Protein chains: 2
Amino acid sequence: MHSPTKHIAESTVRRLSLYLRFLEEFESRGQTTVSSGELARSGGTTSAQVRKDLSFFGSFGKRGLGYGVKDLIHSIREILGLEQPWPVIIIGAGKIGAALAQYRGFTSRGFHVVGVYDRDPAKTGMNLGALSVRSDTELERDIALHKPRIAVLAVPGEAAQAMVDRVVSAGMHAILSFAPAPLHAPQGVTIRAVNMATELEILAYSLTHGV
Amino acid sequence: MHSPTKHIAESTVRRLSLYLRFLEEFESRGQTTVSSGELARSGGTTSAQVRKDLSFFGSFGKRGLGYGVKDLIHSIREILGLEQPWPVIIIGAGKIGAALAQYRGFTSRGFHVVGVYDRDPAKTGMNLGALSVRSDTELERDIALHKPRIAVLAVPGEAAQAMVDRVVSAGMHAILSFAPAPLHAPQGVTIRAVNMATELEILAYSLTHGV
């Protein structure tokens with residue numbers, strides 16, 4: 001058995017997040033237990049992989065009885081750190097930023113958007129759901145005051161690195177970027193980038209080469 | 001040397017897409033050659049990895065002289081299948097769909113949005129950039145007529161699988177889904193899923209465990 005603080009590969013974390021989604025679906029249908037085979041079929045993986053992923057944190061399943069759905073949901077949420085709320089700020093209130101600010105999928109998993117910022121005075125004051133867009137000049141003060149944990153960047157590519165430097169200086173350690181630009185951050189800061197064109201490029205490669 | 005039709009791991013395709021972005025940046029600054037070290041530094045990888053990735057398709061670089069920026073851009077675009085235009089349809093004209101329909105990053109890489117569809121009559125006829133939203137009842141006819149190559153799904157989770165089944169029946173082989181739901185498709189159809197909550201969960205894990 002490994003201790004929960006051992007480093008887990010990103011691919012494992014990604015599968016745990018997927019299992020959690022299926023388990024919540026099972027729970028909403030009133031299912032109380034689940035086998036590794038069921039989770040594997042839903043997730044497009046193997047029973048052995050599911051058992052390996054879950055045993056990483058101590059064994060939850062009972063042979064022949066499967067896993068308790070509620071217990072497993074709780075354990076995975078705890079492992080992923082989702083049993084606490086995560087305040088999130090969004091920087092850039094263009095089309096992508098505005099869509100993200102109102103994305104219901106965030107709130108339902110404990111990610112609460114506590115602020116949306118833009119440098120364009122024409123956008124500040126604009127309402128996005130329950131929030132109104134603030135000037136990016138408020139950013140440093142708001143970060144010190146509200147201590148958001150994750151900054152989502154939806155700014156143009158050419159503005160992205162400067163914004164990373166700003167939020168890192170202001171004390172943030174986790175950034176999710178939708179900006180189509182390579183970004184660098186000092187050690188201790190995690191940046192994840194979602195590049196929608198890259199996703200299409202991977203599909204284009206697959207269509208071109210028939211893989 | 002491997003033949004270009006050999007199966008390349010997704011992680012390699014992803015890095016090639018990233019190299020392409022850097023190379024285009026170098027080209028726009030007038031740089032004509034690039035070393036594997038420069039590409040490695042930009043991409044957060046090693047020179048050895050860059051040389052390995054590129055040698056997969058035949059060696060382009062000259063020892064001591066580096067790679068020709070223009071040649072390398074052309075080769076990577078050819079490998080990824082980007083030297084041809086890719087017609088794309090977007091299904092779902094909610095906030096995410098509407099933002100994607102107007103995302104400039106797609107067009108600049110050869111992905112042309114040729115249609116946006118929604119089942120909500122209140123949304124059909126709505127203008128998104130140069131396109132107006134069409135009723136999803138037109139979907140099958142439009143796919144037969146215009147032969148789009150990639151369908152981007154931005155529909156609610158509970159509607160996603162039925163929509164996958166529809167576009168696959170209509171003849172599509174590549175789907176990029178933003179729906180927060182597990183999806184299945186028959187062999188020969190590639191589905192990629194972008195789940196923005198998962199990205200935040202990976203960051204939450206990393207903040208929780210300090211990795």
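**Exercise 1. Strand pairing in chain A**

Task: Find which residue of β8(A) is the bridge partner of Ile89(A), then place the two strands in their sheet.

Solution. Step 1: In this predicted model, Ile89(A) has Ala151(A) as its bridge partner in β8(A).

Step 2: The strands concerned are β3 (residues 86-91) and β8 (residues 150-153) of chain A, which pair in the parallel sense over four bridges. In general, strands of a sheet pair through backbone hydrogen bonds, in either a parallel or an antiparallel sense.

Step 3: Both strands belong to an open sheet of six strands in chain A, with the order β7-β4-β3-β8-β9-β10 and parallel pairing.

Step 4: At the edges stand β7 (134-135) and β10 (190-193) of chain A; each has a single partner strand, so one side of each is left without a neighbour in the sheet.

**Exercise 2. Domains of chain A**

Task: State which residues make up each domain of chain A and how far apart the domain centres lie.

Solution. Step 1: The domain assignment gives residues 10-80 as domain 1 of chain A and residues 86-198 as domain 2.

Step 2: Between the C-alpha centres of these two domains of chain A there are 31 Å.

**Exercise 3. Relation of the two chains**

Task: Determine what turn and what shift lay chain B on chain A, and name the resulting relation.

Solution. Step 1: A turn of 180 degrees, with a shift of 0.0 Å along the axis, lays chain B on chain A with an RMSD of 0.0 Å.

Step 2: This is the relation of a two-fold axis.

Step 3: The contact is made by 60 residues from chain B and 60 residues from chain A. Of the interface residues of chain B, 100% are also interface residues in chain A, so the copies meet through the same surface.

**Exercise 4. The interface and its salt bridges**

Task: Describe the area buried between the chains and trace the part played by Glu201 in each chain.

Solution. Step 1: About 5,500 Å² is buried between chain B and chain A, 70% of it on carbon and sulfur atoms.

Step 2: Leu200(B), Glu201(B) and Tyr205(B) supply 13% of the area that chain B buries against chain A, more than any other three residues.

Step 3: Helix α9 (residues 196-209) of chain B lies across β3, β4 (111-118), β8, β9 (174-177) and β10 of chain A, at about 160 degrees to β9(A).

Step 4: Eight salt bridges are counted between chain B and chain A. One of them joins the side chains of Glu201(B) and Arg109(A), at 2.2 Å from N to O.

Step 5: Glu201(A) forms a salt bridge with Arg21(B), with 3.2 Å between the closest N and O atoms. Arg21(B) lies in helix α1 (residues 10-28) of chain B and Glu201(A) in helix α9 (residues 196-209) of chain A, so the pair joins two chains.

Notes:
Residues are numbered from 1 along each chain as its sequence is written. Chains are lettered from A and ligands numbered from 1 in the order in which they are written. This is a predicted model: local features need pLDDT of at least 70, side-chain atom pairs count only at pLDDT 80 or more; totals for chains, interfaces and linings use all residues. Side-chain values use heavy atoms; hydrogens and water are left out. Domain bounds come from an automatic or database domain assignment. Copies are superposed by least squares on the C-alpha atoms of residues with pLDDT of at least 70 in both. Contact means heavy atoms within 4.5 Å. Two strands pair if DSSP finds at least two bridges between them. Axes are lines fitted to C-alpha atoms, for helices over the stretch in contact, and angles run from 0 to 180 degrees between N-to-C directions. Buried area is the accessible area (1.4 Å probe) that two parts lose on being put together, summed over both. A salt bridge is a side-chain nitrogen of Lys or Arg within 4 Å of a carboxyl oxygen of Asp or Glu.
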